[in-house]
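Q: Could you take me through one part of this model slowly, as if I were new to reading structures? I'd like to see how a strand sits among its neighbours, and then how the aromatic rings are arranged.

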Amino acid sequence: AAGRAYAHAVHLIRTGDISIGMRRLNEALVCDPGHMPSRLLLGRVLLHLAQADEALTVFTFVLRKKPHCESALLGQSIAYARLGRHDEALETVRHLVRIAPDSWRGFNSLADLTPIEGERLEALAASQAILSRKLCSDRNPGLIEAAAKAWITLRRPDLAGCLLDARSGEIPDAATAHDLRARAAYFAGDYASAFASKVKSLHALTPDHIPAVPIQMKLETGRAENALKSLTFLLRESGLIPVPMAGTLLGLYRNGRLLDQDRDVDIGLIPSPGCRADPVDLVREHPGLLLERHARRGDRYLPVLWDGISIDLFRLDRAGEYFSFGFSDRPGDVQWRIPVFQSGPEDERGLSSLSPDTASACLRALYGPAWRVPDPYFASVVQSPALWNVALHVRAYYAAHRARAALLQADPIKARALLARAPLPIPLDQARHPDLWTAGDASRTPFQPYTS
């Protein structure tokens, strides 16, 4: 009975019905309090629901019974980190890789938690090496996915592409296989191939990929405000001047607040005179921040997590009368260009305030003359007038990428709207399940292709 309840819970949680899935998990544990798969899944779901205290209790219970359980140790370390008990989190993963030196997941977690750059890079390399060894004898398709991601993390997308050329046929989920190929090609700078593979990943989606309950991805503005204040204090202490950018700038100056429909917080960084601080060092050394594994010192773009809030940091580079900021230094990759401005006094969030005229000029550059009119389907990475020397295939890649994400959140209306704004055609006549894209009220789908 516990096994059946657990299997049903796994299905419900995978399809997005977490509340009923949790009830089934509890039923499994009533039938068999020692059913460890149910305990472990319960802990992971509690972490997902930001209930770190309860999750820690669950993982600690499992470890009393199975002290070397990799999943429980990893879950315990995450719970410790979420609770601000960083030293305990770090010691837990160091203990894990000592007792299980072939735990590639353990080394990934060590890379996430360590404040030491050398240890971080060594841990990432160790994770990749373990995966490569395992692939010699283990046909688990999950290892192929993990190894491809590890090569990308190590900034060897060419080797990720070689691996996928040889073995992506072993990945049963074609949508995942094509999406991995798209990522590898994108990071290698082969944007045409990245776009083609991304479109194939759209075509391969099936009803099994779509959650039963729509996923609402909204910014928790209260927590985001707290995270923003903490991060801006840290940045200013290091000589970096934070200014609001993109959707954060739009929300603060158009709506007077952060936008809850936004996905993250966007901050531009201007170094004060004599400042040599690198945001990568600040993030890695701070116990409350999670550094993206792909990040390296000198990057112009740095995505970070603070208390579960996604924050994008962009270095503002001055070139003549413009600031430019973007994702990388690869030719053709995403970057925007806005008029140069003088940063103003610090506001209550720790951000540098901009005069109304300056903010208006930046927003007009980023969103066009109609920036005051809300547009729920606008994607600046696809259609911003401020995009500068960005390859068409890159913009189309992100239109497909964002549309795929929207469909995987059970929002076909937004997905179609994003496809409609792509600068290159993205036909769906070859999709395995074209009905996935036609669900919803089609009359609500705006068709406003961006023209530069």
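A: Here is a walk from one strand and its partners to the aromatic rings.

First, some housekeeping: this is a predicted model, where local features need pLDDT of at least 70 and side-chain atom pairs count only at pLDDT 80 or more, while totals for chains, interfaces and linings use all residues. Residues are numbered from 1 along each chain as its sequence is written, and side-chain values use heavy atoms, with hydrogens and water left out.

Let's start with strand E5, which covers residues 309-315. Strands (E, at least two residues) are DSSP runs, numbered from the N terminus. Five of the seven residues in E5 are buried, so the strand is mostly covered; buried means under 20% relative accessible area, exposed means over 50%, and partly exposed is in between, using a 1.4 Å probe and protein chains only.

E5 has a partner in strand E2 (residues 265-271): the two run parallel and are joined by five bridges. Two strands count as paired if DSSP finds at least two bridges between them. Within this pairing, Asp312 in E5 stands opposite Asp266.

Strand E4 (residues 301-306) pairs with E5 too, but here the strands run antiparallel, with six bridges. Leu302 has Leu313 in E5 as its bridge partner. E4 and E5 make a hairpin with two residues between them, and Asp307 in that turn has a positive phi of about 55°.

Now for the rings. Across the whole structure, a search finds 15 aromatic pairs. Rings of Phe, Tyr and Trp (its six-membered ring) pair if their centres lie within 6.5 Å; planes under 30 degrees apart are stacked, over 60 edge-to-face, and the rest tilted.

One of these pairs is Tyr186 with Phe187, edge-to-face at 5.5 Å centre to centre and 85° between the planes. Tyr186 is buried at 3% relative accessible area, whereas Phe187 is partly exposed at 23%.

Phe325 and Trp336 are stacked instead, with 5.2 Å between centres and 25° between planes. Phe325 belongs to strand E7 (residues 322-326) and Trp336 to strand E8 (residues 335-339), eleven residues apart. Phe325 is buried at 2%, and Trp336 is buried at 6%.

Both pairs belong to one aromatic cluster, whose members include Tyr186, Phe187, Phe325 and Trp336, along with Tyr301 and Phe314.

Finally, Arg330 lies over the face of Tyr186, 5.2 Å from the ring centre. A charge sits over a ring if NZ of Lys or CZ of Arg is within 6 Å of the ring centre and within 35 degrees of the ring normal.

Key. Helix = DSSP H or I, 4+ residues; strand = E, 2+ residues; numbered from the N terminus.
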